[in-house]
Amino acid sequence: MYLGLDASTQSLSAILIDTAQGEIIAEDSVNFGAEFPEYDSPNGFISSAEGVVTASPLMWLDALDLVLKRLCDKGIDLSKVRAVCGAGQQHASVYLNSSFDGALGRLDATRSLSEQLAATLSRAQSPIWMDSSTSEQCQQISDSIGSSQKVSELTGSVATQRFTGPQIRKFYQESAEAYAQTSKIHLNSSFLASVLAGANAPIDFGDGAGMNLMDISSNEWNSQMLQATAPDLSNKLPDLKNAGTYVANISSYFVKKYGFSSDCKALSWTGDNPASLVGMGAASAGKVVISLGTSDTLFAAMPESKTDPNGFGHVFGNPVKGYMSLICFANGSLARETIKEQHNLSWEQFEQDALASSPLGNQGKLAAALFTPEVTPRLQEAGFQTNQWDPQNEPVATTLSALLEGQFSNMKLQSEWMQLDITDVLLTGGASKNQAIAQTIADIFQAPVKRLEVSSSVGLGSAILAALSEGANYTELVESFCSPSPAATLPQDGSEIYSSHLRDHARFLDLLEDSLGY
Ligand code: XUL
């Protein structure tokens with residue numbers, strides 16, 4: 001059996017697979033906001049002034065303890081787990097002092113992880129991917145390297161606000177002393193992998209590429225980028241290795257507390273999007289995935305590294321082979337939820353109203369949901385922006401249509417640099433069950449939309465990486481675990497409407513960029 005963990009923005013989930021039987025044995029999930037009100041993070045993070053968004057690494061540790069306890073309480077025998085792998089929300093960084101290594105080796109199973117590791121943090125909160133407070137640092141890094149184009153050539157992305165390098169630079173500039181006392185900077189993924197292994201785990205090429213620090217062609221830390229970011233950084237970063245690399249046998253804390261075998265292997269983790277690529281069976285080129293989570297993302301495997309000329313898209317390492325392209329939209333599920341709440345709708349009503357809404361193209365009524373600063377394209381937080389129509393004077397269905405068509409028209413437009421030949425769209429993430437969303441995507445991308453049988457492609461991808469580390473065959477695992485459900489949502493016959501709609505939407509976004517761009 002193999003255990004995959006998914007440490008995302010709002011929850012930590014576990015999935016246990018049996019590769020011999022081709023079966024999922026158990027799944028469980030711990031929601032941070034619901035389980036840990038003491039962290040004051042109802043959606044898994046704390047936003048403060050000036051775009052600063054952080055989360056507590058101790059909350060992630062409490063969730064790790066709780067999700068494993070829940071599996072045990074369900075009667076799952078964790079001694080059968082041969083290897084554990086995982087994936088974390090990308091870009092989030094954890095800052096640790098010199099006591100971290102020793103504390104990892106002495107974890108006492110009668111106490112909690114958070115209690116024992118609290119004193120090892122040199123920074124109480126972790127900046128996460130939703131943070132948009134580092135534009136100055138991005139500019140400084142680009143200037144120091146020469147241009148944003150050069151940064152993109154070196155690292156696969158222009159200097160990007162939510163990426164880890166600019167965050168590290170800001171920490172160094174604002175808290176030089178705490179930075180000096182930091183002996184290790186982990187990502188969410190490598191931090192949790194280290195805790196499981198009881199020793200520092202490497203960062204993988206998928207998550208490493210989301211830092212603006214890794215050379216995308218050699219998969220090594222790039223000395224120019226490290227220098228442009230902060231002093232002495234090479235001594236503070238873990239090694240870079242492939243996801244699923246053996247780190248150590250699982251720490252005795254987990255053996256004693258949750259009954260893992262002392263032979264169970266703790267592996268290096270990856271980021272949630274690279275793991276999702278694996279779990280969707282899309283790690284070989286040819287399939288495009290849309291993941292609907294706190295952020296919406298679109299990604300696809302890419303044999304060779306190709307960068308986005310507009311500077312919004314990214315190239316990450318693909319944990320199975322080669323590269324993946326990705327674009328991320330910050331106004332994903334939380335934006336849909338905001339509109340749903342504003343209109344007092346249940347998700348069923350949201351779905352029905354949006355499905356029964358006005359004709360394709362929404363009669364030219366366009367919108368962009370900007371409930372948090374958007375990263376693709378870069379637009380300030382400005383609420384529900386429309387092309388001069390007032391949602392108050394329209395039926396709710398018009399607003400819902402404008403919301404969904406706006407989100408996915410933007411996604412289609414911003415994915416053009418990838419030059420994807422889209423035959424099918426594979427949908428995953430919490431909102432993928434929503435039929436109105438699937439229909440909108442099918443119409444805008446003019447392609448059939450398919451869903452995976454399993455709900456968490458990130459956890460599944462991690463469990464698959466664990467199985468691959470023991471020599472399993474990816475194609476066979478994809479056949480057993482990643483078959484899309486037979487039913488597809490087909491596009492309605494609206495290709496002409498949508499090509500003119502997309503042109504209108506592109507013009508609308510240009511205007512928004514003039515007034516709200518940052
Ligand atoms: C990707 C990104 C988000 C996070 C969400 O670049 O920032 O999709 O990975 O967890």
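In this predicted model, the acidic residue E405 is buried yet takes part in no salt bridge. The nearest side chain of opposite charge belongs to K365, and it is 11 Å away. Because a salt bridge requires the nitrogen and oxygen atoms to be within 4 Å, the pair of E405 and K365, at 11 Å, does not qualify. E405 is found in helix α16, which covers residues 396-414. Leaving aside residues up to four places away in sequence, E405 touches L360, G361, N362, T440, I444, Y498 and H501.

Helix α16 also packs against another helix. Its axis and that of α14 (residues 333-342) come within 11 Å and cross at roughly 175°. Angles over 145 degrees count as roughly antiparallel, and α14 and α16 are therefore roughly antiparallel to each other. On the α14 side, the contact is made by A335, R336 and I339. On the α16 side, T399, L400, L403, L404, Q407 and F408 take part.

Where E405 goes without a charged partner, other residues do find one, and the count for the model comes to 14 salt bridges. One of them joins R70 to D28, with the closest N and O atoms 3.5 Å apart. This pair links distant parts of the chain, since R70 sits in helix α2 (residues 57-73) and D28 in strand β3 (residues 23-31), 42 residues apart. The surroundings of the two partners can be told from their relative accessibility: D28, at 15%, counts as buried, whereas R70, at 22%, counts as partly exposed.

D28 forms a salt bridge with K74 as well, and here the closest N and O atoms are 3.2 Å apart. K74 lies in the loop between α2 and β6, while D28 lies in β3, so this pair ties together parts that are 46 residues apart in sequence. K74 counts as partly exposed, with 47% relative accessibility. Salt bridges that share partners join D28, R70 and K74, together with E35, into one network. A further salt bridge is formed by K80 and D77, whose closest N and O atoms are 3.7 Å apart. D77 is partly exposed, having a relative accessible area of 36%.

Strand β6 (83-88) offers a view of the interior. Since 6 of its 6 residues are buried, β6 is largely enclosed by the rest of the structure. Both faces are covered: A83, C85 and A87 are buried on one side, and V84, G86 and G88 on the other. Several strands pair with β6. Strand β1 (residues 2-7) runs parallel to β6 and pairs with it over 6 bridges, with A7 standing opposite G88. Strand β13 (residues 265-267) is also parallel to β6, and 2 bridges join them; here A266 is the bridge partner of V84. Strand β14 (residues 270-271) pairs with β6 in the parallel sense over 2 bridges, and T270 in β14 is the bridge partner of A87.

A separate description fits the open sheet of 3 strands, which has the order β4-β5-β8 and antiparallel pairing. Its edge strands are β4 (46-47) and β8 (126-127), each of which pairs on one side only. Strand β5 (residues 53-55) pairs with β8 in the antiparallel sense over 2 bridges. Within this pairing, T54 stands opposite P127 in β8.

Definitions and conventions: Residues are numbered from 1 along each chain as its sequence is written. This is a predicted model: local features need pLDDT of at least 70, side-chain atom pairs count only at pLDDT 80 or more; totals for chains, interfaces and linings use all residues. Side-chain values use heavy atoms; hydrogens and water are left out. Helices (H or I, at least four residues) and strands (E, at least two) are DSSP runs, numbered from the N terminus. Buried means under 20% relative accessible area, exposed over 50%, partly exposed in between (1.4 Å probe, protein chains only). Two strands pair if DSSP finds at least two bridges between them. Lys and Arg count as positive and Asp and Glu as negative; His and the chain ends are not counted. Contact means heavy atoms within 4.5 Å. Axes are lines fitted to C-alpha atoms, for helices over the stretch in contact, and angles run from 0 to 180 degrees between N-to-C directions. Angles under 35 degrees count as roughly parallel, over 145 as roughly antiparallel, 65 to 115 as roughly perpendicular and the rest as oblique.
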